[in-house]
Each structure stands twice: as structure tokens, then as C-alpha cells.
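Trainee: I am new to this one. Can we go through it step by step?

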Amino acid sequence: MSLVGCARQQGFDRSHVVCLGEAVLPDEIGAEGGARISDEFITWITNYSSGAELNHAYGSSNLSFTGNLPTARWMDQLQQLDVMAKDRFSRSLIESSNDERRELLRDILAEFPGARLEDPARAEHVAIGLLAFFYRTSEATDLAYRASIKKRQCRPLDDSAGQPVSLS
């Protein structure tokens, strides 16, 4: 099944998630990077397993499990953004400019003042979930430090003493 087919099966319209990504993800990753991260986010949602056992601390007998994704709420929020765009700008979310999308998101996300970018599965809003998903990536770490750190990737021992290469 194609990625778009998976997204529709889950109830997500890829084009809405991609335009949301264009509005909330850093401009430095560009439109292609935003679309790629949005696709990865949809894939993560599609493949998410509620109730899966999580890793636990070494020597600990305490087990924890994944919770349920707020998928239905996130789909409703995307539809709400589309309705708001039509009401405010007389065009859909997809047809709206990034500035217009950001204006809508500023209004909506003001309702979540304590929101944190921790576990994307616990995000109260789909935009926060997408951002939290992105900021867990190696790409986000590299962007934050403006260096090729390649978090969670092995480097050869010969390179371990050297500084990460600058992205500039």
C-alpha cells in the first residue's frame, strides 16, 4: 500500500499534514524536507502500536507500555484548521499561505500554553505532535547545533575524538 493510501486509511490527508509541516517546521529544512518529515510522521502514526512494551532501565522489573495515539482528535484538529482557514481567508488550509496558516496556528496553540515537545504520542495538538516528532530526529539535532552530529548513528573510532563537521 502506498504512503498516501496508508495515510487515508488512518484518516489523514497527506496534503493537509504536509501544509501543516510547511507552517510549523523550521524554514531551514525547506519544502522538500518538510514534506519528507510530514511523510515520516504519517508513517510513524500508521505503524504505531498501542500497548507495545517499551524498553526499561537495566536491572529494573518495571515494565511500561505505549499508550493510544490521539489519532481521532488529531484528524479533527486538521479538519478544524481547514474550516478556520475557509472562514477567515475564504480558502482552504492547503490554498492558504504559510503566513496565514501560522496565524491560525498561533491562535489555536495559544490554548495549549504548557505544551512541551517531548513524546509526540502525548501531544495535545497535531501541530505539537509533528514538531515533537521532528525534534527527536538526528536532523533536528544537527540543525540546532549547526553541525553534522548524526545523533544515534555510529561513528568510526578514528573519528570519535574529532569535532562534528560544521553544516555551514
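Trainee: Is Arg36 buried, partly exposed or exposed?

Mentor: First, the ground rules: this is a predicted model, where local features need pLDDT of at least 70, side-chain atom pairs count only at pLDDT 80 or more, and totals for chains, interfaces and linings use all residues. Residues are numbered from 1 along each chain as its sequence is written, and side-chain values use heavy atoms, with hydrogens and water left out. Buried means under 20% relative accessible area, exposed means over 50%, and partly exposed lies in between (1.4 Å probe, protein chains only). Arg36 has a relative accessibility of 35%, so Arg36 counts as partly exposed.

Trainee: Which residue meets the side chain of Arg36 in a salt bridge?

Mentor: A salt bridge is a side-chain nitrogen of Lys or Arg within 4 Å of a carboxyl oxygen of Asp or Glu. The N to O distance here is 3.6 Å. The partner of Arg36 lies four residues away in helix 3, about one turn of the helix. (Helices, H or I with at least four residues, and strands, E with at least two, are DSSP runs numbered from the N terminus.) The partner is Glu40.

Trainee: Why would residues four places apart point the same way?

Mentor: Count the residues in a turn. Residues three or four places apart point the same way because an α-helix has 3.6 residues a turn.

Trainee: Which residue is linked with Arg36 and Glu40 in a network of salt bridges?

Mentor: Glu40 itself is partly exposed, at 33% relative accessible area. The network of salt bridges joins Arg36 and Glu40 with Glu139.

Trainee: How many salt bridges does the structure hold?

Mentor: One of them pairs Lys86 with Asp82, with the closest N and O atoms 3.3 Å apart. Both of these residues lie in helix 4 (residues 71-89). The structure's count of salt bridges is 12.

Trainee: Which residue forms a salt bridge with Arg14?

Mentor: Arg14 sits in helix 2 (residues 14-24), and the partner sits in helix 3 (residues 30-47), 25 residues apart. Arg14 is partly exposed at 27%, whereas the partner counts as buried at 17%. The closest N and O atoms are 2.6 Å apart, and the partner is Asp39.

Trainee: How far does helix 4 reach from its first C-alpha to its last?

Mentor: Helix 4 has 19 residues. The expected span is 1.5 Å times one less than the number of residues. For helix 4 that gives 27 Å, and the reach is close to it, at 27 Å.

Trainee: What arc do the buried residues of helix 4 cover around the axis?

Mentor: The buried residues of helix 4 include Trp74, Leu78, Leu81 and Phe89. The arc is that of the directions from the helix axis to the C-beta atoms. The buried residues lie on the same side of helix 4, because their arc is only 140°.

Trainee: Which exposed residues does the other face of helix 4 carry?

Mentor: Look at the face turned away from the buried side of helix 4. The exposed residues there are Gln79 and Asp87.

Trainee: What is the relative accessible area of Leu104?

Mentor: Leu104 is in helix 5 (residues 98-109). Leaving aside neighbours within four places in sequence, Leu104 has contacts (heavy atoms within 4.5 Å) that include Leu81, Ala85 and Phe89. Leu104 is buried, and its relative accessible area is 0%.
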